[in-house]
Amino acid sequence: MSGAALIRVDSVRKNYGEFTALENVNLSVFQGEKIVVCGPSGSGKSTLIRCINGLERHDAGTITFDGEELYASGVSLTRIRRHVGMVFQNFNLFPHLSVLENCILAPKRTQGISDAQARERARGYLDRVHILDQADKYPGELSGGQQQRVAIARALCMEPRAMLFDEPTSALDPEMIGEVLDVMTDLAESGMTMICVTHEMGFARRVADRVVFMDRGSIMETSQPDEFFANPQTERAAAFLQKLLHL
Amino acid sequence: MEFDTQVFWSALFSAAYLKGALITLSLTVIGHATAIVVSLPMALVLNGSNRIARTLASGYVLVFRAVPQLLLLLFVWNALPQFIPIFREPWFNPFLAAWLALSLNEAAYQVEINRSALRSVDHGQGAAGIALGLTYTDVFRFIVFPQAARIAIAPTVNEFITLLKITSLASVISLQELMTVTQIEVARTFQFSEYYLAALIYYLVMVFTLMAIQKRVERRFSWARSGMPGATGGAR
Ligand SMILES: Nc1ncnc2c1ncn2[C@@H]1O[C@H](COP(=O)(O)OP(=O)(O)O)[C@@H](O)[C@H]1O
Ligand SMILES: [Mg+2]
């Protein structure tokens, strides 16, 4: 692909005290690309995702979004976050707000749109994740799969230019994984730029342009999904895939 | 000595008692409201990372939890005017002194309630708000505070009831609250049971009303049947 990357991670290091969670991480994601990130637990996948939207601050290297460098003077992190949606493993819906209120809070507070506009937009996205009929319920009244679909709709209500997913299905009961992956696949087909941390290999094969394998804070390899699953380049990736198959 | 029903009823409906109860109630409401306003930023500071501010706040809590309310009341009323001339002026009355003393004291207790309520809100909530591009102020106002407030309701009402009773100590600085009024009447007539019973009824009514309000507020704040998110499956 040509042109500038939408998201660019350059030589990034992240420490937690003495511990190095990310070491020399490089990743460029272009508009419309879908990246699947996988790797063993503790390999730094969440840390990478959280550094990209500034939930964690990296210690060395640079991260840019649409040409704007995070933490550079004059660059507002809050404004960048409004263009980058994030979906968490534990959904993190706001339990004191109804599904609809979860979806309209941020657009109303940050985009200066009216309540009516925000509601209309929210209904549109809730419909898109097939959960419009639950709009007036509270998160605690929904199943895990439903909650995660609401979380996706809530992020989409900001009309972001990219979406980050951090193991969106790993807290779900198995029978609910499909409904969330379907929504994500639909989103991918609509052209959204996506970085997904997931171990759902079927999803990776269907959707990913590239699979990134991380281990011990570094990116060990980046390949096309078919290539990655058939011929992992590193021993660690091969061992990781072996384990995943025998789960 | 016979129980004089007549005396009891007239005490119960006397202007002095009613006024005393109103002073008790307003001192409690104003004092506790002040304490909450003071203790909220203090709780944020104590949960925060600014070391100097944290040390100052914990010093405050330490001192004001250690000082007996009686001593604090007497200090503010009698000793403070010695150090600070403006407190010598006529506007500084027992009500203001009691308000100042009890707010300072109550803030030290309320701060612990606020703190643990704020802490009980999952970190993911703030992260989700920040990730949506909300400002820190909005995250606090719309996400963290409402959830912490629900947790804080019950212990806060408990504190309020305790404070309501503590206001009776203000009789030592001659504030005409309910207990002072009662003691004046008893000293005048030696009819203990009639006047004590009337006072007791005022306290009971005030406390029971508060508890009823607490129930209603708590019901209004219980947003979902099953409570917290992630009802099905948690983090692995
Ligand atoms: N806030 C933190 N403080 C200290 N260590 C952390 C923190 N967050 C993550 N880590 C450590 O960083 C490493 C990478 O964590 P993480 O990015 O969550 O891994 P993954 O998402 O791949 O499982 C782990 O060893 C984890 O213990
Ligand atoms: Mg993780």
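A polar contact is a pair of N or O atoms within 3.5 Å. Keep that in mind as we walk through this predicted model, starting at ligand 1. Here, an oxygen atom of the ligand sits 2.7 Å from a polar backbone atom of G42(A). G44(A) joins in with a backbone N or O atom 3.0 Å from a ligand oxygen, while Y16(A) uses its side chain, placing a polar atom 3.5 Å from a ligand nitrogen. Together, the protein covers 59% of the 560 Å² of accessible area that ligand 1 has on its own.

Who else is around? The shell includes F19(A), P40(A), K45(A) and T47(A). Sorted by class, it has four nonpolar, six polar and one charged residues. Helix α1(A) gives the most, with three residues.

Now let's look at salt bridges; the structure holds 17 over all chains. One of them pairs D66(A) with R161(A), at 2.6 Å from N to O. These two sit in loops and are 95 residues apart, so to speak linking distant parts of the chain. D66(A) is partly exposed at 42% relative accessibility, and R161(A) is partly exposed at 30%.

Another bridge joins R236(A) and D215(A), with the closest N and O atoms 3.1 Å apart. R236(A) is in helix α9 and D215(A) in strand β9, so this pair ties together parts that are 21 residues apart in sequence. D215(A) counts as buried because its relative accessibility is 9%, and buried means under 20%.

Over in chain B, R188(B) and E185(B) form a bridge at 2.4 Å. Both lie in helix α8, three residues apart, about one turn of the helix.

Terms used: Residues are numbered from 1 along each chain as its sequence is written. Chains are lettered from A and ligands numbered from 1 in the order in which they are written. This is a predicted model: local features need pLDDT of at least 70, side-chain atom pairs count only at pLDDT 80 or more; totals for chains, interfaces and linings use all residues. Side-chain values use heavy atoms; hydrogens and water are left out. A residue is near a molecule or strand if one of its heavy atoms lies within 4 Å of it. A polar contact is a pair of N or O atoms within 3.5 Å; within protein, one must be able to donate a hydrogen and the other to accept it, and residues adjacent in sequence count only if both atoms are side-chain atoms. Accessible areas come from the Shrake-Rupley method with a 1.4 Å probe; for residues, only the protein chains shown count as cover. Helices (H or I, at least four residues) and strands (E, at least two) are DSSP runs, numbered from the N terminus. Ala, Val, Leu, Ile, Met, Phe, Trp, Tyr, Cys and Pro count as nonpolar, Asp, Glu, Lys and Arg as charged, and the others, Gly among them, as polar. A salt bridge is a side-chain nitrogen of Lys or Arg within 4 Å of a carboxyl oxygen of Asp or Glu. Buried means under 20% relative accessible area, exposed over 50%, partly exposed in between (1.4 Å probe, protein chains only).
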